[in-house]
Amino acid sequence: LMSLTEYPHTLKAWSKPCMDLLVDPAFFEMRRAHLPKWKGVVDDLRTYDKAAFPDLLARVIIAPRAGAAITNLFTSREHEIAQQTALLKRLAFVVYCGSVDQYLRALPSVQER
């Protein structure tokens, strides 16, 4: 997969499966030795697919204010917080994968969430 991501014309073949794996709950249950390899894949995903970071950022919804009603009848507040925490962890990993100041322009959007 790492060698495939080096070619921009192969983006259609690997971008959707990689994004799906990135948001999979079991993504961070891999061995530590695999993280540097995924760092390269995620960096290539962000480099070649300009919509990847905004899509991930859109998944991190703004948390409701204290006292606001729960958005879904069947979802507990604790479950919503756990989901938000997992998405923020993925967002932090994507920022970690990028180069220095690569996400500086997106910082206001990240801080807003």
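Select the largest nonpolar core first: among its 20 residues, L22, W38, V42, F53, L56, F93 and V94 touch the most other members. A nonpolar core here is a set of buried Ala, Val, Leu, Ile, Met, Phe, Trp, Tyr and Cys residues joined through side-chain atoms within 4.5 Å. Buried means under 20% relative accessible area, exposed over 50%, and partly exposed in between (1.4 Å probe, protein chains only).

Colour the elements that give two or more residues to this core: α2 (11–22), α3 (35–48), α4 (52–59) and α5 (77–97). Of these, α2 gives the most, with 5 residues. Helices (H or I, at least four residues) and strands (E, at least two) are DSSP runs, numbered from the N terminus. In soluble globular proteins, nonpolar side chains tend to be buried together.

The model is predicted: local features need pLDDT of at least 70, side-chain atom pairs count only at pLDDT 80 or more, and totals for chains, interfaces and linings use all residues. Residues are numbered from 1 along each chain as its sequence is written, and side-chain values use heavy atoms, with hydrogens and water left out.

**The whole chain**

Zoom out and show the chain as a cartoon. The secondary structure comes to 6 helices and 0 strands, and the order from the N terminus is α-α-α-α-α-α. Of the 113 residues in the chain, 28% are buried. Contact means heavy atoms within 4.5 Å. Among contacts with a separation of 6 or more, 74% are between residues 24 or more positions apart. Switch to a surface: the chain exposes about 7900 Å², and carbon and sulfur atoms supply 59% of that area. Accessible areas come from the Shrake-Rupley method with a 1.4 Å probe; for residues, only the protein chains shown count as cover.

**V94**

Return to the core and centre on V94, which lies in helix α5. V94 has a relative accessible area of 6% and is therefore buried. Which residues is V94 in contact with, leaving aside its neighbours within four places in sequence? They are L22, V42, F53, L56 and Y103. Draw a distance from V94 to F53: these residues are 41 apart along the chain, and their C-alpha atoms are separated by 8.0 Å.

**α3 against α5**

Next, show α3 and α5 together. Two packed helices are described by the angle between their axes and the distance between the axes. The axes of α3 and α5 come within 8 Å and cross at roughly 80 degrees, so α3 is roughly perpendicular to α5. Axes are lines fitted to C-alpha atoms, for helices over the stretch in contact, and angles run from 0 to 180 degrees between N-to-C directions. Angles under 35 degrees count as roughly parallel, over 145 as roughly antiparallel, 65 to 115 as roughly perpendicular and the rest as oblique.

Add side chains for L35, W38, K39, V42 and D43 in α3, which meet F93, V94, Y96 and C97 in α5. The residues of this contact divide into 7 nonpolar, no polar and 2 charged. Ala, Val, Leu, Ile, Met, Phe, Trp, Tyr, Cys and Pro count as nonpolar, Asp, Glu, Lys and Arg as charged, and the others, Gly among them, as polar.

**R46 and G40**

Stay on helix α3 and select R46. Is R46 buried or exposed? Its relative accessibility is 17%, so R46 counts as buried. Apart from neighbours within four places in sequence, R46 is in contact with F53, Q102 and Y103. The C-alpha atoms of R46 and G98 are separated by 7.9 Å, with their positions 52 residues apart along the chain.

G40 is also in helix α3. At 29% relative accessibility, G40 counts as partly exposed. G40 and E6, 34 residues apart in sequence, are 9.2 Å apart from C-alpha to C-alpha.

**D49**

Finish in the loop between α3 and α4, at D49. D49 has 22% relative accessibility and so counts as partly exposed. Leaving aside neighbours within four places in sequence, D49 is in contact with L11, S15 and D44. From D49 to P8, 41 residues away in sequence, the C-alpha to C-alpha distance is 8.9 Å.
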